[in-house]
Amino acid sequence: ELEKTFVHTIRKPSNKKKPVEVRTPRGEIKRFDSAKEAALAMNVHESSVNKYCHQSKPDRQGNHYRYI
C-alpha cells in the first residue's frame, strides 16, 4: 500500500522557447525570441547561448546573455 501512495514528481524540462537578452560591450541591448535566434544573430552556437545565460560570465566578445 505504501507504494501506491508514493507519487513521482519529476519535472520534465520545459520545451517552451525562452526569450534571450544580450548586452553588448558597447551597451546595446538586443532581444531575441529564443536562444536559437540569439545564436544565429550573435554568430555563436545555441548551446553556448544557453551556457552563458546560466552563468554570469560574458562570452569572448564581451556579450552578456540572460533569459528574460
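User: What is the volume of the largest pocket, and which residues lie nearest its centre?

Analyst: In this predicted model, the largest pocket has a volume of about 190 Å³. Its lining consists of 11 residues, and Lys16, Lys17, Lys18, Ala35 and Glu46 are the ones nearest the centre. Two elements, helix H2 (35-42) and helix H3 (46-54), each give two or more residues to this lining. By class, the lining holds five charged, four polar and two nonpolar residues.

User: In what order do the elements of the chain run?

Analyst: Three helices and three strands make up the secondary structure. Starting at the N terminus, their order is α-β-β-α-α-β.

User: How should the strands be read, and which residues are the bridge partners of Val22 in S2 and in S3?

Analyst: As a general idea, side chains in a regular strand alternate between the two faces of the sheet. Here, strand S1 (residues 20-23) runs antiparallel to strand S2 (residues 29-32), with four bridges joining them. S1 also pairs with strand S3 (residues 64-67), again in the antiparallel sense and over four bridges. Val22 has Lys30 as its bridge partner in S2 and Tyr65 in S3.

User: How many residues lie between S1 and S2 in the hairpin?

Analyst: Five residues separate the two strands of this hairpin, and Gly27 in the turn has a positive phi of about 95°.

User: What percentage of the chain is buried, and how much accessible surface does the chain have?

Analyst: A residue counts as buried when its relative accessible area is under 20%. Of the 68 residues in the chain, 24% are buried. The accessible surface comes to about 6000 Å², and carbon and sulfur atoms account for 50% of that surface.

Notes:
Residues numbered from 1 in each chain as written. Predicted model: local features only at pLDDT ≥ 70, side-chain atom pairs only at ≥ 80, totals over all residues. Heavy atoms only, no water. 1 Å grid on protein atoms, 1.4 Å probe; cavity = no way out; pocket = protein on both sides within 12 Å on 5 of 7 lines; lining within 4 Å. Points joined across faces, edges and corners; volume = space filled by probe spheres on them. Nonpolar A, V, L, I, M, F, W, Y, C, P; charged D, E, K, R; others polar. Pairing = 2+ DSSP bridges. Buried < 20%, exposed > 50% of the residue type's maximum accessible area, 1.4 Å probe, protein only. Areas by Shrake-Rupley, 256 points an atom, 1.4 Å probe, with all protein chains shown as cover.
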